[in-house]
Amino acid sequence: MANKKTYTDIDFGFSKNKFTSDLNLIYDTRAINQSIKNIVSTMLGEKSFSPKFGVGLTKLLFESDHQNLFQAAGDILQSLNTYENRIKVQSVKPKKTDNDVSIVITYKYRDKGVISTTQTTVNVNISSGRYSY
């Protein structure tokens, strides 16, 4: 039996398949993680016709105190539960260092009938405003 892929998305690196010249695809956990990072890094109102899509982590660039960190964690939880129906978020844990905020997202998803738990981390550099994953 072939190893069937459960979830498929286009790789946002937009690299081409060298044989077919089609855009490369990503599968399963990588596809879900890419979607999570897309939702988390999108500013509220940035997506046309979906003004509530995204999280708006830009507020952490200017006000990264503990209250805003936990509000951001709640916003992430709500957005992922609304816009990423392949997963069930278990926890969102923000952590602040001098110039960075790390957000560890732990979630469950169903893969070929088996429920798996995994996590991904989103880092926001406060001084530059850049995201890394």
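**Notebook: residues, rings and surface of a predicted model**

Entry 1. I began with S79, which I located in helix 3, a helix that covers residues 66-83. I note at the outset that the model is a predicted one. Is S79 buried or exposed? Its relative accessibility is 7%, so I recorded S79 as buried. I then looked up which residues S79 touches, setting aside those within four places in sequence. The contacts of S79 are I39, G54, V55 and E84.

Entry 2. I turned next to the chain as a whole. I listed three helices and six strands. Read from the N terminus, the order of the elements is β-β-α-α-α-β-β-β-β. The chain has 133 residues, and 35% of them are buried; S79 belongs to this buried group. I also looked up contacts between residues at least 6 apart in sequence, and 37% of these join residues at least 24 apart.

Entry 3. I examined D111, which I found in strand 4, residues 100-111. D111 has a relative accessible area of 17%; the cut-off for a buried residue is under 20%, so D111 counts as buried. Which residues does D111 touch, if those up to four places away in sequence are not counted? I recorded T6 and D28. I also compared D111 with T29: the two are 82 residues apart in sequence, while their C-alpha atoms are 8.9 Å apart in space.

Entry 4. I then searched for aromatic pairs. In general, such a pair is described by the distance between the ring centres and the angle between the ring planes. How many aromatic pairs are there? The count came to two. In the pair of F53 and Y83, the ring centres are 4.9 Å apart and the planes stand at 65 degrees, so I entered the pair as edge-to-face. F53 lies in the loop between helix 1 (28-41) and helix 2 (59-62), whereas Y83 lies in helix 3, so the pair ties together parts that are 30 residues apart in sequence. The two partners differ in cover: F53 is buried, because its relative accessibility is 7%, and Y83 is partly exposed, because its value is 34%.

The other pair is formed by Y107 and Y109, with 6.0 Å from centre to centre and 45 degrees between the planes, and I entered it as tilted. Y107 has a relative accessible area of 0%, so it is buried. Y109 is buried as well, with a value of 8%.

Entry 5. I returned to F53 to see what else lies by its ring. The charged end of K47 sits over this ring, and I noted a distance of 4.5 Å from the ring centre. The ring of F53 is thus recorded twice in this notebook: with Y83 as an aromatic pair, and with K47 as a charge over a ring.

Entry 6. Lastly I considered the surface. The accessible surface of the chain comes to about 8,500 Å², and 50% of that belongs to carbon and sulfur atoms. Which residues form a nonpolar patch on the surface? I listed I10, F12, F14, L23, L25 and Y27, which together have about 560 Å² of accessible area. I chose L25 from this patch for a further check. L25 lies in strand 2, residues 25-27. With a relative accessibility of 40%, L25 counts as partly exposed.

Terms used
Residues are numbered from 1 along each chain as its sequence is written. This is a predicted model: local features need pLDDT of at least 70, side-chain atom pairs count only at pLDDT 80 or more; totals for chains, interfaces and linings use all residues. Side-chain values use heavy atoms; hydrogens and water are left out. Helices (H or I, at least four residues) and strands (E, at least two) are DSSP runs, numbered from the N terminus. Buried means under 20% relative accessible area, exposed over 50%, partly exposed in between (1.4 Å probe, protein chains only). Contact means heavy atoms within 4.5 Å. Patches are made of residues with over 30% relative accessible area and no salt bridge: like charges are joined within 9 Å, nonpolar side chains (Val, Leu, Ile, Met, Phe, Trp, Tyr) within 5 Å. Accessible areas come from the Shrake-Rupley method with a 1.4 Å probe; for residues, only the protein chains shown count as cover. A salt bridge is a side-chain nitrogen of Lys or Arg within 4 Å of a carboxyl oxygen of Asp or Glu. Rings of Phe, Tyr and Trp (its six-membered ring) pair if their centres lie within 6.5 Å; planes under 30 degrees apart count as stacked, over 60 as edge-to-face and the rest as tilted. A charge sits over a ring if NZ of Lys or CZ of Arg is within 6 Å of the ring centre and within 35 degrees of the ring normal.
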